[in-house]
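I opened a new page for this chain. The plan is to go from the overall layout down to single residues.

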Amino acid sequence: MLKANFKVRPELVFEIEAKEQKDVFRNIASIQEVFSEKVCGLCGKPDIKFVVREIEDNEFYEMQCTNAGCYGKLAFGQNKKGGTIYPIRKLKDGLPAKSEDQPPFDFKTSGWHKYDKNKVAAKKPAGK
Ligand SMILES: [Zn+2]
């Protein structure tokens, strides 16, 4: 059995236990992809919170910047199997890349984009 502690930030440490090197590697890759954001892609500050919103029985995973007035957001998609998620990095206009001649996302912002706080409020179901 292989054991590893993988520290993403001082307050965020993962314990990994696996039989094989490949599983350790896979676990680290998965953790890095999802949890390694250290700063907001828009303002560059480390004021990130994890948010799970529930809308009409669907869950939406995202990181939001808590720096006043920034409204930076990085949304996550959900894989159908395995309970894992992945970041949806977007282009400057807040849309995902659609063709191969476009860059996969806006490298300057690491694919973060501004969320429309009015739109978020409007999507919330009544009574919640
Ligand atoms: Zn920000």
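**Layout of the chain**

I read the order of elements along the sequence first and got β-β-α-β-β-β-β-β-α. That comes to two helices and seven strands. I note here that the model is a predicted one.

I then looked up the extent of the C-alpha trace. Along its principal axes the trace spans about 50 × 40 × 30 Å.

Next I checked the domain assignment. The chain is split into domain 1, residues 1-36, and domain 2, residues 39-128. Taken over C-alpha atoms, the centres of domain 1 and domain 2 are 24 Å apart.

**Burial and contacts**

How much of the chain is buried? I found that 14% of the 128 residues are.

I also looked at how far apart in sequence the contacting residues are. Of the contacts with a separation of 6 or more, 35% join residues 24 or more positions apart.

**The core**

Which residues make up the largest nonpolar core? I listed seven: Cys40, Ile48, Met63, Cys65, Leu74, Ala75 and Trp112. Two elements give two or more residues to this core, namely strand 4 (58-65) and strand 5 (72-78).

I picked Cys65 from this core and wrote down what it touches. Leaving out residues up to four places away in sequence, the partners of Cys65 are Cys40, Leu42, Cys43, Asp47, Ile48, Cys70, Tyr71 and Gly72. Cys40 and Ile48 are members of the core as well.

**Positive phi values**

I went through the backbone angles next. Asp57 has phi near 65°, which is positive although the residue is not glycine. I placed Asp57 in the loop between strand 3 (48-55) and strand 4.

Is Asp57 buried or exposed? Asp57 counts as exposed because it has 6 C-beta neighbours inside 10 Å, and the cut-off for exposed is 12 or fewer.

Ser110 is another non-glycine residue with a positive phi, at about 55°. I located Ser110 in the loop between strand 6 (85-88) and strand 7 (113-114).

How many other C-beta atoms lie within 10 Å of Ser110? I have 17 for Ser110, so the residue is entered as partly exposed. A buried residue would need 20 or more.

I closed the page with both entries side by side: Asp57 is exposed, whereas Ser110 is partly exposed.

Notes:
Residues are numbered from 1 along each chain as its sequence is written. This is a predicted model: local features need pLDDT of at least 70, side-chain atom pairs count only at pLDDT 80 or more; totals for chains, interfaces and linings use all residues. Helices (H or I, at least four residues) and strands (E, at least two) are DSSP runs, numbered from the N terminus. Two residues are in contact if their C-beta atoms, placed from the backbone, lie within 7 Å. Domain bounds come from an automatic or database domain assignment. A nonpolar core is a set of buried Ala, Val, Leu, Ile, Met, Phe, Trp, Tyr and Cys residues joined through C-beta atoms within 7 Å.
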